[in-house]
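User: I would like to learn how to read features such as salt bridges, ring pairs and sheets from a set of coordinates. Could you take me through them one at a time?

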Amino acid sequence: MPAVEHLTRHDAFLLRGDGFAYALAVTPEGDLRHLHWGGPIAPDDVATLLTDDPREFGSNTWSSPRAHTEELVAHGGRRLDESALKVEFADGVRALDLAVESSAVSDDELTIRLADRHYPFAADLHYRVRGGALERWTTLVNDGDAAVVLDRAYSASWPLPWQPRWVATWLAGAYAAETQVTRRPLGPGRLVLESRRGIPGHAAQPWLALDAGDDARTNDEAGSVWSVALAWSGSWRLAAELAADGRLHVTAGVNDFDLRHPLAPGSSWDTPVTVGVYAGAGHDELTDRWHAYERRHVVPRPGVVRPVLYNSWEATFFDVRPESQVELARRAAALGAELFVVDDGWFAGRDDESAGIGDWTPDRAAFPDGLKPLADEVHGLGMRFGVWVEPEAVSPDSDLFRAHPDWIYQWPSRPRTLARQTHLLALSRADVRAHLVETLDALLSSAPIDALKWDLNRPLTEVSDGDGDGSVWLGHVEGFYEVLDRVRALHPDVWIESCASGGGRADLGVLSRAEWVWPSDNTDALERLAIQNGYAYAHSPHTMMAWVTDSPTYLTKREIPLRFRFHSAMTGLLGIGGDLATWTDAALGEAAEYVAQYRRIRATVQYGTMRRLTGAPDDVTAIGYLSASGDQVAVFAFAPSVRRLRRTVLLRLRGLDPAAAYVDAATGTRYSGALLHHHGLRVALTGDYASELIVLDRD
Ligand code: GLA
């Protein structure tokens, strides 16, 4: 079955991937008409759809055409619904009139050119089938001899089929409380999720799912779910517009807030990719499809298990000295850590937040011979070595800022806004990009550094680089990608963690360039269960770093036993971030056992099938992982407090082979897959902060 078929008799296109189909057609008038997005259909069905007469009541008060019938709602004519594209031509005209000019199919890709009927301007609509996901983006082409200003240039409109009721699921949050699963019925009107901060931000992930509601029709195991995400590490916007008659469409793209992007004569611009994933069997399947897409088509080093990390931030904060780092490294290595990362505070002038960002050279007093001796020491302990950087920021008190005060975003007549005592370097400028590539290359060449934690702790303000050629909202992100890509090309063995004050930059764009994400600064193991639960709706656990830190944790001051802290962190990428110098021998011994246990199950956790075994985490949280081969099952269960004298919970393990037998490695108890699926696994959870990890091996 080809991924993309041109049904030439009808001038229609059928795109088919794992478990979904998407269809569109060119009308005799040259318009592009959306036909289907949902479960699989066949070419004959497309012919039927073309004869389908939806018999809509066509009032003069409606948009024409209606947005849910279009592939890219381009502002112009009588389009009154939420549009995806709006431009201004040199003569002041701000309306588009696009018609299909051509189409091209190659393997799993379809491109359709929509050309303006009057101006030399075109929008190429791209579609690419990627397993269970459909990628879409648009290339805007200015073939004229005057600039065309892009006022709004979303990546696509996503039309959804009619349903009697719609419920939206999204991942809302804040600093230290990222990715909280939020579900609300949609009413007529518009649900807008967005960031205007220049980074994706903490308030929401650029990800949205829509289903038929909280009744028996849609749940984890059943029902149709449509979802849309955007691969863009800057300001973004997703809008779901529901008309009073139940028609729904979603637009996805870079935020048009303050966007006036002149497209120069003869140039083109590619929007970021928006990804649509449909699941016909509920939220379980939707999660599987997002994880599979990220694993196969997005994140670098697919299939490679991620190392156990030690990060010294919460242990030493800005007080980074070689002796204490080596002591931490020794203890981390003894626990079984495989990568040791020195966080903020290792570079010149960095005694606190007030200075040093921009000068990426080691503090001379602490590291007179650079980072190499420490890196060698860490390597000698059998671990890889990494450091923290915040390349896009600059402290006013830094040599870089003193040398290049013009390299930041600023308005000549306005004060420069500080955030966490830094400015933002104008990565929209070629000279700044070149400087950063050179600086990071020099750093990575100065010592055997295997990993970078790439942070950004401020939003984009003063949106001007003094040039005026293009929008800084776009230019900064494109500069960030270019620098990251060039650094990765120069140092292909270096692994990168993406961070922006925790989970402020965890979109699919950065994830195509980073091995994992730091989902939150909140390392409280209980808070993390909710954050990680939401994160894993959109992202694979193999990108979700989680550290075990000290108790109480510095942000929440909550005390949690070591076992619960480890179990919580073991549901993603296990890291350790506590001050190991203060841990007792008993705690270190216990910790080493958890690390060893994690290493036995990590391929299952990182790359297996994940199941949320309880609803939204409040009282009991349980998560199951089934290895790709089906041979290993890891079940985690958590209960923060004793409730109603409950001593055990019964967890139904979905997705096992009913005919197979599974053996609890610790107790030797044998269960049939059917029993685990239909009846459940009994797990004891007694006392406050009870947690269990049960590993079952297929017999
Ligand atoms: C941000 C990150 C933290 C840590 C600090 C260092 O807040 O999210 O993990 O790296 O910066 O200053």
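Analyst: Let us begin with a single side chain: arginine 652 has a relative accessible area of 30% and is therefore partly exposed, since that value falls between the limits of 20% and 50%. Please keep in mind throughout that this is a predicted model.

User: With which residue does the side chain of arginine 652 meet in a salt bridge?

Analyst: The general idea is that side chains of opposite charge can pair when their charged atoms come close. Here the partner of arginine 652 is glutamate 221, with 3.0 Å from N to O. The two come from distant parts of the chain, 431 residues apart, with arginine 652 in the loop between strands S34 (648-651) and S35 (661-664) and glutamate 221 in the loop between strands S14 (204-211) and S15 (225-230). Glutamate 221, at a relative accessible area of 41%, is partly exposed as well.

User: Which residue does aspartate 657 meet in a salt bridge, and how is each of the two placed in the chain?

Analyst: Aspartate 657 meets arginine 698, at 3.1 Å from N to O; aspartate 657 sits in the loop between S34 and S35, while arginine 698 belongs to strand S38, 41 residues away. Aspartate 657 is partly exposed at 28%, and arginine 698 is partly exposed at 33%.

User: Is arginine 670 buried or exposed, and what does it pair with?

Analyst: Arginine 670 counts as exposed, because its relative accessibility is 53%. Its salt bridge is with aspartate 699, the closest N and O atoms being 2.0 Å apart. Since arginine 670 lies in strand S36 (residues 670-672) and aspartate 699 in the segment after S38, the pair ties together parts that are 29 residues apart in sequence. Aspartate 699 is exposed too, with a relative accessible area of 60%.

User: How many salt bridges are counted, and which residues are linked in a network?

Analyst: The count comes to 52 salt bridges, and one network of them links Glu82, Arg152, Arg190, Arg237, Glu241 and Asp256.

User: How should I read a pair of aromatic rings?

Analyst: Such a pair is described by the distance of the centres and the angle of the planes. The whole structure holds 30 aromatic pairs, one of which joins phenylalanine 564 and tyrosine 689 edge-to-face, at 5.2 Å between centres and 90° between planes. Because phenylalanine 564 lies in helix H11 (residues 562-569) and tyrosine 689 in the loop between strands S37 (681-684) and S38 (690-698), this pair ties together parts 125 residues apart in sequence. Both residues are buried, and ring pairs link them with Tyr625, Phe636 and Phe638 into a cluster.

User: Which arginine lies over the face of tryptophan 495, and which over that of phenylalanine 480?

Analyst: Arginine 384 lies over tryptophan 495, at 4.8 Å from the ring centre, and arginine 505 lies over phenylalanine 480, at 3.7 Å from the ring centre.

User: How do I read a sheet, and which strands stand at its edges?

Analyst: Strands of a sheet pair through backbone hydrogen bonds, either parallel or antiparallel. One open sheet here has four strands in the order S1-S2-S3-S4, with antiparallel pairing. Strands S1 (4-7) and S4 (32-38) stand at the edges with a single partner strand each, so one side of each is left without a neighbour in the sheet. Neighbouring strands are turned by 15° against each other on average, direction ignored. Six bridges join S3 (residues 20-26) to S4, and among the paired residues alanine 25 has arginine 33 of S4 as its bridge partner. Helix H1 (residues 43-51) lies across S1, S2 (12-17), S3 and S4, running at about 130° to S4.

Note on methods:
Residues numbered from 1 in each chain as written. Predicted model: local features only at pLDDT ≥ 70, side-chain atom pairs only at ≥ 80, totals over all residues. Heavy atoms only, no water. Pairing = 2+ DSSP bridges. Axes fitted to C-alpha atoms, helices over the stretch in contact; angles between N-to-C directions. Contact = heavy atoms within 4.5 Å. Phe/Tyr/Trp six-rings, centres within 6.5 Å; stacked < 30°, edge-to-face > 60°. Buried < 20%, exposed > 50% of the residue type's maximum accessible area, 1.4 Å probe, protein only. Lys NZ or Arg CZ within 6 Å of the ring centre and 35° of its normal. Salt bridge = Lys/Arg side-chain N within 4 Å of Asp/Glu carboxyl O.
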